[in-house]
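Reader: I should like to go through the assignments made for this structure and ask, for each, what the reasoning is. Please set each value against its criterion.

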Amino acid sequence: MFIAIARPAVEPQGPDAVAVPGSPAVPFLTPRALHARLLDNAAARRRRGLERKQARRADDAAYWISAAPMAVQKACALRQADFIALP
């Protein structure tokens, strides 16, 4: 018996390849907007680490404080690769 494989009626397009129909669209971020988001993420991780340290949760604080430099490194790499020199 032959069964035809049908393609789905809706195929995702854009950066969110796992989106389901009806889900909100993922906006495309410019390199500068992504850079700002990464730096904001690093600052939030540091703040979270300080909050944990004040709550005397040293192991949790160490995790969040050590996670912040990764976001900064990603922002630096993005800045070197995708930014156009400003006049």
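**Loop, helices and side-chain pairs**

Author: Arg-56 lies in the loop between H1 and helix H2 (58-82). The model is a predicted one. The protein has two helices and zero strands.

Reader: What makes the phi of Arg-56 worth a remark?

Author: Phi of Arg-56 is near 60°, which is a positive value in a residue other than glycine. This residue comes just after H1.

Reader: Why is Arg-56 called exposed?

Author: The term exposed requires a relative accessible area over 50%. Arg-56 has 79% relative accessibility and therefore counts as exposed.

Reader: How do you know that the length of H1 agrees with its number of residues?

Author: The expected span is 1.5 Å times one less than the number of residues. For the 24 residues of H1 this gives 34 Å, and the end C-alpha atoms are 35 Å apart, so the two values agree. H1 comprises residues 31-54, Pro-31 among them.

Reader: Which residues of H1 are buried?

Author: They are His-35, Leu-38, Ala-42 and Gly-49. Over the 87 residues of the protein, 15% count as buried.

Reader: Why is Pro-31 called partly exposed?

Author: Partly exposed covers the range between the limits of 20% and 50%. Pro-31 has 31% relative accessibility and therefore falls in that class. In space, the C-alpha atom of Pro-31 is 9.5 Å from that of Ala-75, although 44 residues separate them in sequence.

Reader: What is the class of Met-70, and on what value does it rest?

Author: Met-70 has a relative accessible area of 43%, so it is partly exposed. This residue is in helix H2. Its C-alpha atom is separated by 9.4 Å from that of Leu-38, 32 residues away along the chain.

Reader: What share of the contacts in the protein with a separation of 6 or more joins residues 24 or more positions apart?

Author: That share is 54%.

Reader: What makes Arg-52 and Asp-60 a salt bridge?

Author: The criterion is a side-chain nitrogen of Lys or Arg within 4 Å of a carboxyl oxygen of Asp or Glu. The closest N and O atoms of Arg-52 and Asp-60 are 2.7 Å apart, so the pair meets that limit. Asp-60 also forms a salt bridge with Arg-57, with the closest N and O atoms 3.1 Å apart. Shared partners join Arg-52, Arg-57 and Asp-60 into one network. The count by this rule is two salt bridges.

Reader: Are the residues of that network buried or partly exposed?

Author: Asp-60 has a relative accessible area of 18%, so it is buried, the limit being under 20%. Arg-52, at 21% relative accessibility, counts as partly exposed. Arg-57 is partly exposed as well, with a relative accessible area of 42%.

Reader: How many aromatic pairs does a search of the whole structure find?

Author: The search finds one aromatic pair. The rings of Tyr-63 and Trp-64 have their centres 5.0 Å apart and their planes at 75°.

Reader: Why is the pair of Tyr-63 and Trp-64 called edge-to-face?

Author: Two rings pair if their centres lie within 6.5 Å, and planes over 60 degrees apart count as edge-to-face. The centres at 5.0 Å satisfy the first condition and the planes at 75° the second, so the pair of Tyr-63 and Trp-64 is edge-to-face. Tyr-63 has 48% relative accessibility and therefore counts as partly exposed.

Reader: How do you know that Arg-48 lies over the face of Trp-64?

Author: The charge must be within 6 Å of the ring centre and within 35 degrees of the ring normal. Arg-48 is at 4.4 Å from the ring centre of Trp-64 and lies over its face.

Methods
Residues numbered from 1 in each chain as written. Predicted model: local features only at pLDDT ≥ 70, side-chain atom pairs only at ≥ 80, totals over all residues. Heavy atoms only, no water. Helix = DSSP H or I, 4+ residues; strand = E, 2+ residues; numbered from the N terminus. Buried < 20%, exposed > 50% of the residue type's maximum accessible area, 1.4 Å probe, protein only. Contact = heavy atoms within 4.5 Å. Phe/Tyr/Trp six-rings, centres within 6.5 Å; stacked < 30°, edge-to-face > 60°.
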